[in-house]
Amino acid sequence: MKRIALTVVGVALIINLFGGVITWTQDQRITQDYVVDRGDTLIIDVSVNNQPIHICVDEDVRIIVYGSLFVYGSEADSVFFIPTGPPWGPTHESWGGIMLNNDYYQNFESYVFEHTSIKGVDSHTQAAVEVESGNFEFFMRNSKVSNNVGPSTSGLSIKGITPSTSDQEVVIEY
């Protein structure tokens, strides 16, 4: 476990030096596809305000990450990805999900979900969280993907893993 934390911190430091960093520390409403560009990092962190963060996403809208994504909830305060509803706007029953896509195989990207809830996705494709990546680390700890619909009943889809490649790591803990 300590190696994982060091790896994630090391990667975050490298990304901070060479790419842009976007940090969300409070509730957000996403009304159109939100894209994190290659080399950039989106950090969602409850520790700044010590309260839950709700990422409310409009119908058919997706979060598309070509860079890195770090979602840090805590045991007391989780991060919630949910369809938009009051007070943000009209109630939607679903949204488009999260796509993690490092299509540029020379970059190494990290995706971390800690104490995160992802629900209400109608992905129209594979899963609520789709990983289509070359060189990456994926960590999901104390998180829940639920109440999603679509052609697949999967909450998580990871494509492109080559077991013999040593620079790909997937860790899912419950």
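The following exercises, with worked solutions, concern a predicted model.

**Exercise 1.** Determine which strands stand at the edges of the open sheet of 5 strands, and why one side of each is left without a neighbour.

*Solution.* Begin with the strand order, which is β2-β5-β8-β11-β14, with parallel pairing. The edges are held by β2 (28-30) and β14 (144-146); each has a single partner strand, so one side of each lacks a neighbour in the sheet. From one strand to the next, the twist averages 15°.

**Exercise 2.** Describe how β8 and β11 pair, and identify the bridge partner of F81 in β11.

*Solution.* Strand β8 covers residues 79-83 and strand β11 covers residues 116-119. The two pair in the parallel sense over 3 bridges. The bridge partner of F81 in β11 is I118.

**Exercise 3.** Establish whether I63 is buried or exposed, and list the residues that it touches, leaving aside those up to four places away in sequence.

*Solution.* First, locate I63: it lies in strand β6 (residues 62-65). Next, consider its relative accessible area of 2%; buried means under 20%, therefore I63 is buried. Finally, apart from residues up to four places away in sequence, I63 touches I30, Y34, I55, V57, F81, W95, G97, I98 and M99. For one of these, I30, the C-alpha atom is separated from that of I63 by 8.6 Å, with the two positions 33 residues apart along the chain counted as their distance apart.

**Exercise 4.** Locate A128, and state whether it is buried or exposed.

*Solution.* A128 is found in the loop between β11 and β12 (129-132). Its relative accessible area is 2%, so A128 is buried. The C-alpha atoms of A128 and S157 are separated by 7.9 Å, although these residues are 29 residues apart along the chain.

Technical notes
Residues numbered from 1 in each chain as written. Predicted model: local features only at pLDDT ≥ 70, side-chain atom pairs only at ≥ 80, totals over all residues. Heavy atoms only, no water. Pairing = 2+ DSSP bridges. Helix = DSSP H or I, 4+ residues; strand = E, 2+ residues; numbered from the N terminus. Axes fitted to C-alpha atoms, helices over the stretch in contact; angles between N-to-C directions. Buried < 20%, exposed > 50% of the residue type's maximum accessible area, 1.4 Å probe, protein only. Contact = heavy atoms within 4.5 Å.
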